[in-house]
Amino acid sequence: MDTTDRRILALLQEDGSLSVQDLARRLDLPPTSCWRRVRSLEDTGVLRKRVALVDPESVGLGMVAFVFVRTNQHEPAWLKRFAEAVATMPEILETHRLSGETDYLIKAVVKDMKGYDAFYKRLISAVPLYDVSTSFSMECIKETTALPLTVAG
């Protein structure tokens, strides 16, 4: 990956709807060369997909919950069940397996406390969990989906 590829990625992170012609014009590249680079970034999995970012509050999903999960089961079969369960829950935006005392961190969005309670009940009934605690976001100070390509090298 060279500087031009990083510039393409930076522009697409700002606006995923840019056409190849727009990218080529902004980068002063021939459109065919730009298209080949974008295609290569897609084919190699560097550029996974292009999406539209929806404002959660505008669609009635203004409550963000960070769910900290601890388990005393670490067998592959349990992990498979857990991964399958969280994959089916539309409220979950991210699930991370962590080092340290907390085993998993889940970021979920819900309408309100009643919506969270319904989500929580589905989560704890899906697989046996040792401990579940949740913190609710009071305010989002920074949010981005753009990776810091300038610090990647």
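**Close-up views of a predicted model**

**View 1. R48, an exposed residue in a loop.** R48 is exposed, with a relative accessible area of 77%. That value qualifies because exposed means over 50% relative accessible area. The model in this and the following views is predicted. R48 belongs to the loop that runs between helix α3 and strand β1, the strand spanning residues 63–70. A separation across the model can be read from R48 to D117: the two residues are 69 positions apart along the chain, and their C-alpha atoms are separated by 33 Å.

**View 2. F82, a buried side of helix α4.** F82 sits in helix α4, which covers residues 76–87. Its relative accessible area is 2%, so F82 counts as buried, the limit being under 20%. Once neighbours within four places in sequence are set aside, the residues in contact with F82 are T95, Y104, I106, V127 and L129. For V127, one of these partners, the C-alpha to C-alpha distance from F82 is 6.2 Å, although 45 residues separate the pair in sequence.

**View 3. E94 on strand β2.** E94 is part of strand β2, residues 92–97. With 36% relative accessibility, E94 is classed as partly exposed, because this value falls between the 20% limit for buried and the 50% limit for exposed. Apart from neighbours within four places in sequence, E94 makes contact with L105, I106 and K107. I106 also appears among the contacts of F82. The C-alpha atoms of E94 and A108 are separated by 7.1 Å, with their positions 14 residues apart along the chain.

**View 4. E14 in helix α1.** Helix α1 comprises residues 3–14, and E14 is found in it. E14 has a relative accessibility of 65% and is therefore exposed, being over the 50% cut-off. In the sequence, E14 and T145 are 131 residues apart; in space, their C-alpha atoms are separated by 9.1 Å.

**View 5. D28 in the loop between α2 and α3.** D28 is located in the loop that joins helix α2 (20–27) to helix α3 (31–43). Its backbone phi is positive, at about 55 degrees, although D28 is not a glycine. D28 is exposed, with a relative accessibility of 70%.

**View 6. Cysteines C34 and C140.** C34 is buried, at 0% relative accessibility, whereas C140 is partly exposed, at 49%. C140 does not count as exposed because that class requires over 50%. A search of the whole structure returns 0 disulfides.

**View 7. The whole protein, as context for the close-ups.** The protein contains 5 helices and 4 strands, in the order α-α-α-β-α-β-β-α-β along the sequence. Its radius of gyration is 20 Å, well over the 15 Å that the globule rule gives for 153 residues, so the protein is more spread out than a compact globule. Along the principal axes, its C-alpha atoms fill a box of roughly 55 × 35 × 25 Å. Buried residues make up 27% of the 153 residues. Among contacts between residues at least 6 apart in sequence, 65% join residues at least 24 apart. The accessible surface is about 10600 Å², and carbon and sulfur atoms account for 53% of that area. The charged side chains number 20 positive and 21 negative, and the centres of these two sets lie 4 Å apart.

Note on methods
Residues numbered from 1 in each chain as written. Predicted model: local features only at pLDDT ≥ 70, side-chain atom pairs only at ≥ 80, totals over all residues. Heavy atoms only, no water. Helix = DSSP H or I, 4+ residues; strand = E, 2+ residues; numbered from the N terminus. Rg over C-alpha atoms; globule rule 2.2 N^0.38 Å. Buried < 20%, exposed > 50% of the residue type's maximum accessible area, 1.4 Å probe, protein only. Contact = heavy atoms within 4.5 Å. Areas by Shrake-Rupley, 256 points an atom, 1.4 Å probe, with all protein chains shown as cover. Lys, Arg positive; Asp, Glu negative; His and termini not counted. Charge placed at Lys NZ, Arg CZ, Asp CG, Glu CD. Disulfide = S-S within 2.5 Å.
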